[in-house]
Amino acid sequence: MKTIKVTGKGQIKVRPDTTRITMTVEGMFPEYGEALRRSSEDTQRISDLLSQFGFERSDLKTLSFSVDPQYESYKERGAYKERFTGYRFRHIMKVEFLSDNDRLGRILYALAKCPVKPEFRLSYTVKDPEKSKNELLGRAVADSREKAGVLTRAAGVTLGSIQSIDYSWGQIDLEVRPMYGVITAEEDMAAPMLVKESYEMDLEPDDIEVSDTVTVLWEIE
């Protein structure tokens, strides 16, 4: 059986419809238990804050969490040594919602007044990533078929059925990141007042451009 192997490329532009706020909270304490306790308290404060904007506690997702011992170098009698300085916790969380600049402005304002002082990243994605991924793969296979047709016609042979499809199943990044920064806290703002204030946000994210490839093995006659 004669075959021809052709790699097809799919490309799409997707309009983002979902806002993602990724927050990082960290701190260092002399005792392991104290680091865990403070991490739990900070997470609870952020969860309580977000509940004012209609979020359930389960909407705040943990992306990663760690508590690691920290050391510092010092010099003693001409030799460098290390000594323990404490435990640092690092908790990365995210929350997502259908894009709404008014809601975003109120959430960011509330975070700015929160004493936890999270570092944050604002990005945009799509609510249904699988739909976009499937469309991308369909276009890649269609591109392979078109290229295979051109090659077989030029060679004077007939394109037959598909024998195999090779696809890497790699991660497709359906996210645009227009903003990164550190939120500073102003502790004189009472929590019940947070939802009444807002930053004016006029953000329009660019389309997400993604591409992927598939390699198709075609029978030729």
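Me: What is the distance that supports saying the charged end of R103 sits over the ring of F55?

Reply: The distance from the charged end of R103 to the centre of the F55 ring is 4.3 Å. A charge is said to sit over a ring if NZ of Lys or CZ of Arg is within 6 Å of the ring centre and within 35 degrees of the ring normal. R103 is therefore inside the distance limit. R83 sits likewise over the ring of Y74, at 4.3 Å from its centre. This is a predicted model, in which local features need pLDDT of at least 70 and side-chain atom pairs count only at pLDDT 80 or more, while totals for chains, interfaces and linings use all residues. Residues are numbered from 1 along each chain as its sequence is written, and side-chain values use heavy atoms, with hydrogens and water left out.

Me: Why is F55 called buried?

Reply: Buried means under 20% relative accessible area, exposed means over 50%, and partly exposed lies in between (1.4 Å probe, protein chains only). F55 has a relative accessibility of 7%, so the residue counts as buried. F97, at 5%, is buried as well.

Me: What makes F55 and F97 an edge-to-face pair?

Reply: Rings of Phe, Tyr and Trp (its six-membered ring) pair if their centres lie within 6.5 Å; planes under 30 degrees apart count as stacked, over 60 as edge-to-face and the rest as tilted. The centres of F55 and F97 are 5.9 Å apart with 70° between the planes, so both conditions hold. F55 belongs to the loop between α1 and β3 (61–76), F97 to strand β4, and the two are 42 residues apart.

Me: Why is the pair of Y32 and Y87 described as edge-to-face?

Reply: Their ring centres are 5.4 Å apart and their planes stand at 85°, so the pair is edge-to-face. It joins helix α1, which holds Y32, to strand β4, which holds Y87, across 55 residues. Here Y32 is partly exposed at 40%, and Y87 is partly exposed at 23%. Y32, Y71, F84 and Y87 form one aromatic cluster.

Me: How do you know that the length of helix α2 agrees with expectation?

Reply: Helices (H or I, at least four residues) and strands (E, at least two) are DSSP runs, numbered from the N terminus. The expected span is 1.5 Å times one less than the number of residues. For the 12 residues of α2 (residues 101–112) this gives 16 Å, and the end C-alpha atoms are 16 Å apart, so the values agree. The buried residues of α2 include L104 and I107, and their cover includes β2 (18–29) and α1 (32–51).

Me: What makes the T215 and T7 side chains a polar contact?

Reply: A polar contact is a pair of N or O atoms within 3.5 Å; within protein, one must be able to donate a hydrogen and the other to accept it, and residues adjacent in sequence count only if both atoms are side-chain atoms. The two side chains meet at 2.9 Å, so the distance satisfies the limit. T215 lies in strand β8 (residues 208–220).

Me: Which residues touch the most other members of the largest nonpolar core?

Reply: A nonpolar core is a set of buried Ala, Val, Leu, Ile, Met, Phe, Trp, Tyr and Cys residues joined through side-chain atoms within 4.5 Å. Of its 46 residues, I21, M23, I46, L50, L104 and I107 touch the most other members. Strand β8 gives the largest share, six residues.

Definitions and conventions
Contact means heavy atoms within 4.5 Å.
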